[in-house]
Amino acid sequence: MAPMAVDLILGWWLVAVSRAQQLPRPSLSLHPSQGVSLGDPVTLRCHLPRLAAWVWLYREGGWSYTKGKKKEQDAAEFSFVGTLRVHAGRYRCQYRVSESAEVSVESDPVELVLTDVRYPPSSISLHPEQHVGTGTNVTIGCWNKDYGATFLLHKDGTSAPLQHQDSSGGGTATFTLFGVTPADSGTYRCSYRPKGYPFISSPLGDSVTLEVTPTPAPPGATGSSHGNLVVAVVGGCTAAFVFILVLIIFFLLSAHRRRTQRDESPGAPPKKPEAMEFQVPSSDSEGLTYLELQAVTPSTQPPSPPAAPQPSVIYTEVAVGGRH
């Protein structure tokens with residue numbers, strides 16, 4: 001039982017290491033990328049993420065090409081000087097580095113579609129014609145002889161077909177553009193691929209031009225939106241002013257309440273009475289009695305219990321050797 005567990009762990013480890021060391025995927029491109037007719041030259045370029053010693057080019061469902069690199073490079077090219085029908089198809093490439101026997105995964109496919117000018121171009125129609133408003137549904141019709149073909153809709157400036165559709169019988173197809181916008185404006189054409197030849201195409205046919213105009217805003221929409229903006233701004237400013245006013249009133253009332261409570265609190269110490277002093281000329285001071293008077297400030301507090309009487313302070317002058 002133990003040897004079997006060791007074998008399983010070792011096998012899992014080898015698979016993990018193999019996946020971790022897998023060579024990066026190459027990429028494949030076509031030059032020229034479109035509009036290649038029968039008899040034209042074409043090149044397929046395999047871009048290699050690592051320097052490779054051997055590169056393979058595969059045609060799906062057919063043959064393959066092998067190219068050895070005497071000097072390791074980061075790309076390999078496979079060219080057809082004059083293309084034939086048998087060259088049309090879907091291609092992939094892969095590579096092997098010199099220091100390892102491991103082969104990379106295959107690239108994503110590219111399609112070599114060849115145009116056969118022996119097929120007559122298709123006709124095309126547009127409904128509604130030319131100028132339409134935003135949001136309109138537009139129908140484009142394509143037709144030709146009944147080859148049991150697959151029709152393709154093309155837009156000038158776009159490399160790949162926008163839509164494709166099998167013939168509905170009688171060699172016709174109908175394409176619908178729903179809710180068009182100004183971005184859909186442009187020139188449209190049709191092509192088709194005869195049944196049984198998915199990589200052989202007819203030439204592009206006649207064109208139609210679609211112009212989509214923006215839908216104008218309804219009358220008063222601009223004025224209404226401007227009025228709504230003004231109302232929103234005025235409302236926001238009014239709300240801010242009321243809020244600030246409420247805060248000011250709140251702080252004023254709080255300050256007044258605190259001041260009132262401080263003045264009326266029973267434990268607050270009474271203000272110290274101020275002493276008043278009277279002076280009498282010394283010449284007339286014989287036989288006078290001096291009193292110290294206390295000036296009391298009126299208070300709003302309720303009267304407190306009478307305090308213990310304080311002895312009056314009497315100042316007397318005693319004359320020595322004279323009369324009293």
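A residue is called buried under 20% relative accessible area, exposed over 50%, and partly exposed in between. The legends below apply these classes to a predicted model.

**View 1. Arg-189 and Asp-156 are joined by a salt bridge.** The nitrogen-to-oxygen distance of this side-chain contact is 3.1 Å. Arg-189 belongs to strand E14, whereas Asp-156 sits in the loop between strand E11 (150-155) and strand E12 (163-166); the pair links distant parts of the chain, 33 residues apart. Arg-189 counts as partly exposed because its relative accessibility is 25%. Asp-156, at 40% relative accessibility, is likewise assigned to the partly exposed class.

**View 2. A salt bridge connects the side chains of Arg-45 and Glu-77.** Their N to O separation is 2.7 Å. Arg-45 is in strand E3 and Glu-77 in strand E4 (residues 64-80), so the contact ties together parts that are 32 residues apart in sequence. With a relative accessible area of 23%, Arg-45 is partly exposed. Glu-77 is also partly exposed, at 37% relative accessibility.

**View 3. Arg-118 and Asp-116 form a salt bridge between an exposed residue and a buried one.** The N to O distance is 2.9 Å. Arg-118 has a relative accessibility of 64% and therefore counts as exposed. For Asp-116 the value is 2%, which means that this residue counts as buried.

**View 4. Glu-60, Arg-90, Arg-92 and Glu-111 make up a network of salt bridges.** The salt bridges of the model number seven in total.

**View 5. Cys-46 and Cys-93 are bonded as a disulfide.** The two sulfur atoms lie 2.1 Å apart. The torsion about the S-S bond is about 75 degrees, so this disulfide is right-handed. Because Cys-46 is placed in strand E3 (residues 42-59) and Cys-93 in strand E5 (residues 89-96), the bond ties together parts that are 47 residues apart in sequence. Cys-46 and Cys-93 are both buried.

**View 6. Cys-142 and Cys-190 are bonded as a disulfide.** Here the S to S distance is 1.7 Å. Cys-142 lies in strand E10 (residues 138-143) and Cys-190 in strand E14 (residues 186-193), so this pair ties together parts that are 48 residues apart in sequence. Each of these cysteines, Cys-142 and Cys-190, is buried. A search of the whole structure finds two disulfides, and their pattern is 1-2, 3-4 when bonded cysteines are counted along the chain.

**View 7. Gly-196 occupies the loop between E14 and strand E15 (200-201).** Gly-196 counts as exposed because its relative accessibility is 64%. Its C-alpha atom is separated by 10.0 Å from that of Tyr-147, and the two residues are 49 residues apart along the chain.

**View 8. A nonpolar surface patch is formed by Phe-243, Ile-244, Leu-247, Ile-248, Phe-250, Phe-251 and Leu-252.** Together these residues present about 760 Å² of accessible area. Ile-248, one of the members of the patch, is located in helix H2. The relative accessible area of Ile-248 is 46%, so this residue is partly exposed.

**View 9. Arg-257, Arg-258, Arg-259 and Arg-262 form a patch of positive charge on the surface.** Among them, Arg-258 is part of helix H2 (residues 221-264). Arg-258 counts as exposed, with 53% relative accessibility.

Key: Residues are numbered from 1 along each chain as its sequence is written. This is a predicted model: local features need pLDDT of at least 70, side-chain atom pairs count only at pLDDT 80 or more; totals for chains, interfaces and linings use all residues. Side-chain values use heavy atoms; hydrogens and water are left out. Patches are made of residues with over 30% relative accessible area and no salt bridge: like charges are joined within 9 Å, nonpolar side chains (Val, Leu, Ile, Met, Phe, Trp, Tyr) within 5 Å. Accessible areas come from the Shrake-Rupley method with a 1.4 Å probe; for residues, only the protein chains shown count as cover. A salt bridge is a side-chain nitrogen of Lys or Arg within 4 Å of a carboxyl oxygen of Asp or Glu. Lys and Arg count as positive and Asp and Glu as negative; His and the chain ends are not counted. The place of a charge is taken as NZ of Lys, CZ of Arg, CG of Asp or CD of Glu. Helices (H or I, at least four residues) and strands (E, at least two) are DSSP runs, numbered from the N terminus. Buried means under 20% relative accessible area, exposed over 50%, partly exposed in between (1.4 Å probe, protein chains only). A disulfide is a pair of cysteine sulfur atoms within 2.5 Å.
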